[in-house]
Amino acid sequence: QVHVVESGGGLVQPGGSLRLSCAASGSIFRINAMGWYRQAPGRQRELAAEIMRNGNTNYAASVKGRFTISSDFAKNTVYLQMNSLKPEDTAVYSCFSDVLHSNYSQSDYFGQGTQVTVSS
């Protein structure tokens with residue numbers, strides 16, 4: 001099994017910054033990609049940012065230029081630096097890990113999520 005654990009959420013004022021961290025552990029042969037989904041109340045879950053093992057990144061249009069994703073695939077960790085936060089960034093942020101197992105099966109694993117609240 002694979003465990004994904006996030007940390008770093010909290011309450012921040014508009015214009016402020018937060019850094020989320022995520023670590024995956026367990027039966028991992030190799031991680032192909034890691035990233036963050038977010039879901040606000042009453043809204044569909046959306047992919048906020050992801051990073052591939054080759055370093056390629058994807059961002060939601062709403063966060064591009066404000067959020068930066070980085071990773072250390074040797075440590076199975078991913079980070080999300082969030083700057084210039086807006087109230088509409090308020091959501092539960094869930095980390096995911098695209099894992100390749102030693103038997104070459106592939107699965108996505110998700111953490112329980114961390115709450116980010118942007119409010120004055």
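**View 1. Arg38 is a buried residue.** The relative accessibility of Arg38 comes to 6%, and "buried" here means under 20% relative accessible area, with exposed being over 50% and partly exposed anything in between (1.4 Å probe, protein chains only). Keep in mind that you're looking at a predicted model, where local features need pLDDT of at least 70 and side-chain atom pairs count only at pLDDT 80 or more, while totals for chains, interfaces and linings use all residues. Residues are numbered from 1 along each chain as its sequence is written, and side-chain values use heavy atoms, with hydrogens and water left out.

**View 2. Arg38 pairs with Glu46 in a salt bridge.** For the term itself, a side-chain nitrogen of Lys or Arg has to sit within 4 Å of a carboxyl oxygen of Asp or Glu. In this pair the N to O distance is 2.6 Å. Is Glu46 buried or partly exposed? Glu46 has 29% relative accessibility, so it goes down as partly exposed. Its partner Arg38 is on the buried side of the cut-off.

**View 3. Arg38 also forms a salt bridge with Asp89.** Here the side chains meet at 2.9 Å, N to O. The pair ties together parts that are 51 residues apart in sequence, because Asp89 lies in the loop between β8 (77-82) and β9 (91-100) while Arg38 belongs to strand β4 (residues 30-39). Strands, as used in these legends, are DSSP runs of E with at least two residues, and helices are runs of H or I with at least four, numbered from the N terminus. Asp89 is buried, with a relative accessibility of 1%.

**View 4. Asp89 has a salt bridge to Arg66 as well.** The side chains of these two come to 2.7 Å, N to O. Arg66 is in the loop between β6 (57-59) and β7 (67-72), and Asp89 in the loop between β8 and β9, so this bridge joins parts 23 residues apart in sequence. Arg66 is buried too, at a relative accessible area of 11%. How many salt bridges does the structure hold? Three, and Arg38, Glu46, Arg66 and Asp89 are linked by salt bridges into a network.

**View 5. Val63 is buried in the loop between β6 and β7.** Its relative accessibility is 0%. Which residues does Val63 touch, if you skip those up to four places away in sequence? They are Arg38 and Ala48, where touching, or contact, means heavy atoms within 4.5 Å. So one residue on that list is Arg38, which counts as buried at 6%. For a sense of distance, the C-alpha atoms of Val63 and Tyr104 are separated by 33 Å, with their positions 41 residues apart along the chain.

**View 6. Ser97 sits buried in strand β9.** Its relative accessibility is 0%. Leaving out neighbours within four places in sequence, Ser97 is in contact with Val4, Ala24, Ile31, Ala33, Met34, Ser107, Asp108 and Tyr109.

**View 7. Asn76 and Ser84 have a positive phi.** Neither one is a glycine. Asn76 has a phi of about 55° and is placed in the loop between β7 and β8. With 17% relative accessibility, Asn76 counts as buried. Ser84 has a phi of about 50° and belongs to the loop between β8 and β9. Ser84 counts as partly exposed, because its relative accessibility is 42%.

**View 8. Stepping back, the chain has eleven strands and zero helices.** From the N terminus on, every element in the run is therefore a β. The C-alpha atoms fill a box of roughly 50 × 25 × 25 Å along the principal axes. The radius of gyration is 14 Å, which agrees with the value near 14 Å for a compact globule of 120 residues; it is taken over C-alpha atoms, and the globule rule is 2.2 Å times the number of residues to the power 0.38. Of the 120 residues, 42% are buried. Among contacts between residues at least 6 apart in sequence, 55% join residues at least 24 apart.

**View 9. The surface of the chain exposes about 6,400 Å².** Carbon and sulfur atoms supply 45% of that area, worked out by the Shrake-Rupley method with a 1.4 Å probe (for residues, only the protein chains shown count as cover). As for charges, the mean positions of the 10 positive and the 8 negative ones are 4 Å apart. Lys and Arg count as positive and Asp and Glu as negative, leaving out His and the chain ends, and each charge is placed at NZ of Lys, CZ of Arg, CG of Asp or CD of Glu.
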